[in-house]
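The following exercises are meant for a reader who meets this structure for the first time. Each one sets a task and then works through a solution in steps.

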Amino acid sequence: MDSTRQTDTQNVLLRVRGLKKWFPVKSSLGRTVRHVKAINDVSFDLYEGETFGLVGESGCGKSTTGRSILRLIEPTAGEITYRGKNVLELKGSELRSIRQEMQMVFQDPHSSLDPKKRVGYAIEEPLIIHRLGSKQERLERVLSLLEKVGFSEEYYYRYPHELSGGQRQRIGLARALALNPRLIVCDEPVSALDVSIQSQVMNLLQEIQAELGLTYLFVAHDLSVVRHIADRVGVMYLGQLVEQAPTEQLYAEPLHPYTKSLLSAVPIPNPRAKRERILLRGEIPSPLNPPSGCIFHTRCPFVMEACKSVVPKSREVAPNHYVQCHLYDEDLSAK
Ligand code: SF4
């Protein structure tokens, strides 16, 4: 990970603006009466060749964001621009071709791999679906992908149940690589693995990224994992991106009160070092009925009167460091 990377000089691969995913809640008569606001107005850029980590507690909307970008679920509103094309307007062959370039590695490879199909077929399947290559060419491609993720040819005939969790995740990665993607959404790819295996899989992800120039959107709840792998990090709370910054800057100097509280809970490897734990009051509010004003105001230790009614805007408070909080809004924080 290169923390000195100057993202403003890189090419934007994917631009997300005002992304929303609201799930309707129906009455017994079938009418939509409310919405679960899983993602509410999320904007960020992904730069070519970087890893952007999306973190937050369970249910904050980070996985829904990844799935919406790939249109595995249809967003309610917003814009997703991939290499200049509006992904949400694409249909037919254009959509299929962009889907080849954007792939996903899932949290649980056990459920994403068909237990009745051999490993070789699992990797070959995307090529069959997209009608790419002859049978011999596909075989060669599968064998080279097996080698890339550290397996010998004999694994071609294995079944998923014969593999460990880490091995299955490596097969999931080989399958995601089959179509030569440029962007991979990694949805909690190591959270189901033992800690010792986690670092092997993360190292493999980094090696393959360096070799192929891939861009990763890395979704995770574990802040230590994200720190290890990401160039920049975005912090989500209740469907909104409340802070984003280059990784080292975010971990050294978090600005949003929610980010501060999350980081205060991460253990420090040095037993002599002390860090004050910031405990939040109350529970995360329901995305069915998010708070007015700042969505974090019901739990924030620094809440001000204005926070209860005025929605904070995202501000760039240092180069590439954005925060959505009135403490950094000179007009409001002075009141
Ligand atoms: Fe806390 Fe107000 Fe900032 Fe929200 S806007 S995080 S409530 S200080």
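**Exercise 1. The surroundings of the ligand**

Which residues surround the ligand? State also how the residues of its shell divide into nonpolar, polar and charged.

*Solution.* The model examined here is a predicted one.

Step 1. The ligand is surrounded by the histidines His-256, His-297 and His-326, the cysteines Cys-294, Cys-300, Cys-307 and Cys-325, together with Pro-257, Phe-296, Phe-302 and Leu-327.

Step 2. Sorting the shell by residue type gives eight nonpolar residues, three polar ones and no charged ones.

Step 3. The space that the ligand takes up is the largest cavity.

**Exercise 2. A helix that begins at the ligand shell**

Determine how many residues of helix 10 are buried, and name elements that cover them.

*Solution.*

Step 1. Helix 10 comprises residues 257-264. Pro-257 belongs to this helix and is buried, and Pro-257 is also one of the residues around the ligand.

Step 2. Seven of the eight residues of helix 10 are buried, so the helix is largely enclosed by the rest of the structure. Besides Pro-257, the buried residues are Tyr-258, Thr-259, Ser-261, Leu-262, Leu-263 and Ser-264.

Step 3. The cover over these buried residues includes two helices, helix 8 (223-229) and helix 9 (247-252), as well as strand 9 and strand 10.

Step 4. Arg-277 lies in the loop between helix 10 and strand 11 (314-318). Residues up to four places away in sequence being set aside, Arg-277 touches Ser-264 and Ala-265. The C-alpha atoms of Arg-277 and Ser-261 are separated by 7.0 Å, with their positions 16 residues apart along the chain.

**Exercise 3. The end of helix 1**

Describe how far helix 1 is covered, and characterise the backbone of Arg-71, which comes after it.

*Solution.*

Step 1. Six of the eight residues of helix 1 are buried, and the helix is thus mostly covered. The buried ones are Lys-62, Thr-64, Thr-65, Gly-66, Ser-68 and Ile-69.

Step 2. Arg-71 is located in the loop between helix 1 (62-69) and strand 4 (77-82).

Step 3. Most residues other than glycine have a negative phi. Arg-71 has a positive phi of about 60°, although it is not a glycine.

Step 4. Arg-71 counts as buried because its relative accessible area is 12%, and buried means under 20%.

Step 5. The side chain of Arg-71 forms a polar contact of 3.0 Å with the side chain of Glu-74. Apart from neighbours within four places in sequence, Arg-71 is in contact with Val-87, Leu-88, Glu-89, Leu-90, Leu-95 and Arg-99.

**Exercise 4. Asn-40 and Leu-238**

What distance separates the C-alpha atoms of Asn-40 and Leu-238? Establish where each residue is found.

*Solution.*

Step 1. Asn-40 is part of strand 2 (residues 32-47), whereas Leu-238 is in the loop between strand 9 (232-237) and strand 10 (240-246).

Step 2. The two residues are 198 residues apart along the chain, and their C-alpha atoms are separated by 8.3 Å.

Step 3. Asn-40 has 15% relative accessibility and therefore counts as buried. Leu-238, at 6%, counts as buried.

Step 4. Not counting residues up to four places away in sequence, Asn-40 touches Leu-19, Lys-20, Trp-22, Gly-239 and Gln-240. With Trp-22, the side chain of Asn-40 makes a polar contact of 3.3 Å between side chains.

Step 5. Leu-238 has a positive phi of about 50° and is not a glycine.

**Exercise 5. Two residues of helix 7**

Are Ile-208 and Gln-209 buried or exposed? List their contacts as well.

*Solution.*

Step 1. Gln-209 has its place in helix 7 (residues 195-212), and Ile-208 is found in helix 7.

Step 2. Ile-208 is buried, with a relative accessible area of 1%. Gln-209 counts as buried at 11% relative accessibility.

Step 3. Beyond its neighbours within four places in sequence, Ile-208 is in contact with Lys-148, Val-149, Leu-173, Leu-177, Gly-213, Leu-214 and Tyr-216.

Step 4. On the same basis, the contacts of Gln-209 are Gly-49, Glu-50, Thr-51, Leu-214, Thr-215 and Tyr-216. With Thr-51, Gln-209 makes a side-chain to side-chain polar contact of 3.0 Å.

Note on methods. Residues are numbered from 1 along each chain as its sequence is written. This is a predicted model: local features need pLDDT of at least 70, side-chain atom pairs count only at pLDDT 80 or more; totals for chains, interfaces and linings use all residues. Side-chain values use heavy atoms; hydrogens and water are left out. A residue is near a molecule or strand if one of its heavy atoms lies within 4 Å of it. On a 1 Å grid over the protein atoms alone, a cavity is a set of points where a 1.4 Å probe fits but cannot get out, and a pocket is an open set with protein on both sides within 12 Å along at least five of seven lines; lining residues have an atom within 4 Å of a point. A molecule sits in a cavity or pocket if more than half of its atoms lie within 2 Å of its grid points. Ala, Val, Leu, Ile, Met, Phe, Trp, Tyr, Cys and Pro count as nonpolar, Asp, Glu, Lys and Arg as charged, and the others, Gly among them, as polar. Helices (H or I, at least four residues) and strands (E, at least two) are DSSP runs, numbered from the N terminus. Buried means under 20% relative accessible area, exposed over 50%, partly exposed in between (1.4 Å probe, protein chains only). Contact means heavy atoms within 4.5 Å. A polar contact is a pair of N or O atoms within 3.5 Å; within protein, one must be able to donate a hydrogen and the other to accept it, and residues adjacent in sequence count only if both atoms are side-chain atoms.
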